[in-house]
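Student: Please take me through this structure, beginning with one helix and moving on to the interior.

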Amino acid sequence: MTRQSTGVPGLDEMLGGGLIPGTLTVVAGATGIGKTQLGLQFAQAGVDQEGRGGVVFDCSSRGDSQSHAEYAKRMFDWRLAAMNACQQVDVENFFATPPGDYLHIFEYHGRRVTRRDLDWDEWQNWQAELNARLRVAIAFLYGSFVRGARRVVVDGVEPAERPGESIQFNLFEYVYHQIVRKDPEWVARDLFREAYRRHAEEAALHVYDPKQVGCLLLYTSHETMLDDLISRPLDEGDVLSNANTLIYMGKVREGQHIGRGLYIAKHRGSECDERIMEYRIGDRGLEIASQK
């Protein structure tokens with residue numbers, strides 16, 4: 001089995017050769033620790049390995065920018081082509097229209113995303129917006145997969161005490177199980193709906209194997225120190241416990257020095273390096289610097 005490279009020098013070796021296709025990898029760490037750079041390195045690595053880069057699915061609702069386009073341009077001279085989340089999906093010309101590399105699914109910023117933080121009207125508005133955007137999400141990911149993308153990076157997921165109450169986690173669960181892992185014929189049925197019969201023959205010519213698609217979820221944690229991330233319990237049914245591979249990124253203290261450290265907490269089906277590894281962030285993203 002050919003593993004998918006993370007695109008991070010030194011990390012593939014820690015993972016026993018890379019990530020296993022068809023599985024979910026969660027990268028957890030505080031804001032600013034380097035998760036987005038790692039995600040873009042993983043997406044870009046698809047160019048050399050699969051002949052086509054991955055795509056970025058951004059579900060952030062915060063007011064601050066995730067800087068995907070800026071990082072991609074600086075790191076790889078990659079100009080992200082964004083899909084408009086508000087546009088109507090043109091199913092009649094779907095296979096002739098590339099969806100782009102990047103989708104920011106939510107239009108508004110600065111809103112809370114957890115059920116307990118919202119009143120009834122706010123929660124209903126979130127649900128209505130989410131339902132309205134699902135078809136765009138299907139078009140973006142399905143359109144990318146039929147054109148050869150085999151990597152998807154999901155970014156912008158904010159911390160929640162109860163993931164089941166988060167609109168972002170609800171969206172991720174749908175995207176992962178109902179699009180990324182679903183048989184392409186049934187994804188096409190969800191996209192084309194009543195027009196499926198007209199497009200069934202063309203859809204049959206655009207098939208792919210979901211078991212070859214790697215998914216990287218970038219999850220923002222409350223914890224900033226790597227030791228705190230390592231010691232946190234994994235709840236049953238939590239997205240972290242369900243991931244095939246779990247990577248923690250956090251700050252580490254060594255005397256008077258504060259650096260960045262990476263730890264592979266879980267890597268099912270493979271041996272992995274269990275050491276805490278220090279890394280740095282340069283013009284090309286993350287690079288494993290030294291072992292601790």
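**A helix and two cores**

Student: Which residues of α5 are buried?

Tutor: This is a predicted model, in which local features need pLDDT of at least 70 and side-chain atom pairs pLDDT 80 or more, while totals for chains, interfaces and linings use all residues. Residues are numbered from 1 along each chain as its sequence is written, and side-chain values use heavy atoms, without hydrogens or water. Helices are DSSP runs (H or I, at least four residues), numbered from the N terminus, and buried means under 20% relative accessible area with a 1.4 Å probe, protein chains only. In α5 the buried residues are Ile167, Gln168, Phe169, Leu171, Phe172, Val175, Tyr176, Ile179 and Val180.

Student: How far apart are the end C-alpha atoms of helix α5?

Tutor: The expected span is 1.5 Å times one less than the number of residues. Helix α5 (residues 167-180) has 14 residues, so it should span 20 Å. The model agrees, with its end C-alpha atoms apart by 18 Å.

Student: Which helix gives the largest share of the largest nonpolar core?

Tutor: A nonpolar core joins buried Ala, Val, Leu, Ile, Met, Phe, Trp, Tyr and Cys residues through side-chain atoms within 4.5 Å. The largest has 59 residues, and Phe57, Leu141, Tyr142 and Val152 touch the most other members. Its largest share, 10 residues, comes from helix α4 (residues 120-145).

Student: How many residues does the other core, apart from this one, have?

Tutor: Leu40, Leu216, Leu218 and Ile288 are among its members. This core, lying apart from the largest, has 30 residues.

Key
Buried means under 20% relative accessible area, exposed over 50%, partly exposed in between (1.4 Å probe, protein chains only). Helices (H or I, at least four residues) and strands (E, at least two) are DSSP runs, numbered from the N terminus.
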